[in-house]
Amino acid sequence: MFGLEALDLARIQFAFTISFHILFPAITIGLASYLAVLEGLWLKTHNDTYRDLYHFWSKIFAVNFGMGVVSGLVMAYQFGTNWSRFSDFAGSVTGPLLTYEVLTAFFLEAGFLGVMLFGWNKVGRGLHFFATVMVAIGTLISTFWILASNSWMQTPQGFEIVNGQVIPTDWLAVIFNPSFPYRLMHMATAAFVATAFFVGASAAWHLLRGKDNPAIRKMLSMAMWMALIVAPIQAVIGDFHGLNTLKHQPAKIAAIEGHWENHGNEATPLILFGWPDMKEEKTKFAVEIPYLGSLILTHSLDKQVPALKEFPPEDRPNSTIVFWSFRIMVGLGMLMIFTGLWSLWLRKRDKLYTSRPFLYLALWMGPSGLIAILAGWFTTEVGRQPWVVYGLMRTADASSNHSFMQMSITLILFVVVYFALFGAGLGYMMRLVRKGPKIDEGKETNDGGPGQKRTPARPLSAADDDHSDADRTVTKEI
């Protein structure tokens with residue numbers, strides 16, 4: 001069907017499930033740190049706006065966290081079901097790294113998550129803040145181990161191959177492989193930027209509909225400060241990441257640039273747009289800027305960038321895909337920087353909360369961070385092909401021996417179940433966003449602390465607050 005084989009369906013299935021999954025950890029990482037900042041500012045300033053925002057976003061965090069856990073479990077099972085040969089070859093590296101993630105990050109998050117979500121009126125303020133910080137740290141530790149595993153697949157080191165299996169010889173070298181620091185910083189920063197634009201879009205949506213209060217304004221203000229500061233930093237990190245990729249995966253860079261061949265000693269131009277044709281081995285309709293490719297990728301005006309024709313055809317990534325996925329990521333990144341700069345200009349003129357053109361832009365930019373993350377992952381993973389472990393194991397040799405029919409059925413089931421389950425979850429989460437923060441949410445009547453009798457905070461009941469109020473009335477009558 002459509003010229004696809006069982007291997008192609010296995011790759012599509014993994015791409016589909018991981019694309020769904022990555023959206024939730026990205027927001028979880030950003031929201032966890034955002035919640036820690038909100039609670040810390042509330043404790044320091046006693047400004048109830050921060051407390052109200054904490055309660056509002058903790059509900060959205062809870063739903064997002066749950067969907068991230070469920071979608072993440074699928075990823076681990078696929079290594080054994082669809083990619084058993086890869087697990088047999090490299091499981092001695094990837095298995096322990098994923099286990100470390102569970103033992104350190106997941107247990108840390110799970111241990112303090114209950115206190116964070118349900119302990120606001122049950123424990124002291126200091127302990128609750130500590131729980132929030134621990135959850136935030138847990139999300140970052142999880143990012144550390146996941147990126148260590150994936151980066152090792154991109155730039156493997158610290159091992160030897162014995163009887164057709166990878167045997168770790170230096171765990172520090174395995175973890176801190178050449179691409180790991182750049183990829184870790186790039187992904188963590190991307191999560192913060194994506195969350196900032198998600199929060200900013202939520203605030204813009206309410207402001208455009210006339211809901212203007214201190215909590216909404218604070219949401220937009222904090223989001224735009226984050227965009228202004230972090231989006232340019234992400235661009236710098238991306239540049240360093242590109243230089244690292246050029247050194248260790250030159251074929252990927254050639255595919256990203258749609259650069260097929262060098263001519264004499266001419267500097268490499270930057271192809272802004274075009275259509276790389278893998279069969280004809282050229283980029284059609286190319287719009288080029290002379291010298292700029294060399295300047296960006298080598299930081300010089302005379303050095304050349306490796307070209308795709310320097311690599312055997314069977315070792316070339318699909319340039320058509322990564323050429324455009326990379327440009328989507330970079331284009332959205334430039335829009336993020338522009339949005340942050342525009343917000344600063346409006347802030348100085350006291351028009352940040354009233355400029356409707358800007359608010360519409362902030363609203364439309366809401367999913368931009370998540371789309372950029374997906375585009376970046378497609379660039380990274382497709383650009384690694386045809387290798388599943390770069391230079392060591394080809395993707396074609398890593399899959400399980402499943403038939404086309406088996407892979408077709410499971411792929412269809414995944415698509416149906418994912419859209420039904422996570423579609424409902426995303427719909428519920430957006431319902432929470434549309435309600436917006438309540439300015440008296442979580443209001444306390446005394447100092448609180450352990451042993452105080454309180455109504456528990458229920459983050460997952462927020463979508464129907466009227467029912468919650470009715471429940472409290474009935475309780476009082478009883």
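In the predicted model, Phe107 is partly exposed, with a relative accessible area of 48%. This residue lies in helix H3, which spans residues 84-118. Phe107 belongs to a nonpolar surface patch of about 510 Å², whose other members are Tyr100, Val102, Leu103, Phe106 and Trp171. Helix H3 supplies the largest share of this patch, namely five residues. Because membership of a patch requires over 30% relative accessible area, the value of 48% places Phe107 above that cut-off.

A surface patch of positive charge was also identified, consisting of Arg431, Arg434, Lys435 and Lys438. Of these residues, Lys438 is located in the loop that connects helix H13 (404-435) with helix H14 (465-477). The relative accessibility of Lys438 is 36%, so this residue counts as partly exposed.

Strands S3 (residues 270-277) and S4 (residues 282-289) run antiparallel and are joined by six bridges. Asp277 has Lys282 of S4 as its bridge partner. Four residues lie between the two strands of this hairpin, and Glu281 adopts a positive phi near 55° there.

Salt bridges were examined next. The structure contains 11 salt bridges. Side chains of opposite charge can pair when their charged atoms come close. One such pair is formed by Lys284 and Glu280, with the closest N and O atoms 3.2 Å apart. Both partners fall into the intermediate class of accessibility: Lys284 is partly exposed because its relative accessible area is 23%, and Glu280, at 45% relative accessibility, likewise counts as partly exposed.

A further salt bridge connects Asp315 with Arg394, the closest N and O atoms being separated by 2.5 Å. This pair links distant parts of the chain, as the two residues are 79 residues apart. Asp315 is situated in the loop between helix H9 (292-298) and helix H10 (319-348), whereas Arg394 is part of strand S6 (residues 393-394). With 25% relative accessibility, Arg394 counts as partly exposed.

Within helix H12, Arg384 forms a salt bridge with Glu381, and their closest N and O atoms are 2.9 Å apart. Because Arg384 and Glu381 are three residues apart in this helix, about one helical turn separates them. Both Arg384 and Glu381 are buried. Elsewhere, Asp277, Glu280, Lys282 and Lys284 are joined into one network by salt bridges that share partners. Two members of this network, Asp277 and Lys282, are also bridge partners in the pairing of the strands.

The region that follows helix H12 was then considered. Pro386 occupies the loop between helix H12 (368-384) and strand S5 (387-389). Its relative accessibility is 17%, so Pro386 counts as buried, the limit for this class being under 20% relative accessible area. Pro386 and Phe323 are 63 residues apart in sequence, and the distance between their C-alpha atoms is 16 Å.

Methods. Residues numbered from 1 in each chain as written. Predicted model: local features only at pLDDT ≥ 70, side-chain atom pairs only at ≥ 80, totals over all residues. Heavy atoms only, no water. Pairing = 2+ DSSP bridges. Patch = residues over 30% accessible without salt bridge, like charges linked within 9 Å, V, L, I, M, F, W, Y side chains within 5 Å. Areas by Shrake-Rupley, 256 points an atom, 1.4 Å probe, with all protein chains shown as cover. Salt bridge = Lys/Arg side-chain N within 4 Å of Asp/Glu carboxyl O. Lys, Arg positive; Asp, Glu negative; His and termini not counted. Charge placed at Lys NZ, Arg CZ, Asp CG, Glu CD. Buried < 20%, exposed > 50% of the residue type's maximum accessible area, 1.4 Å probe, protein only.
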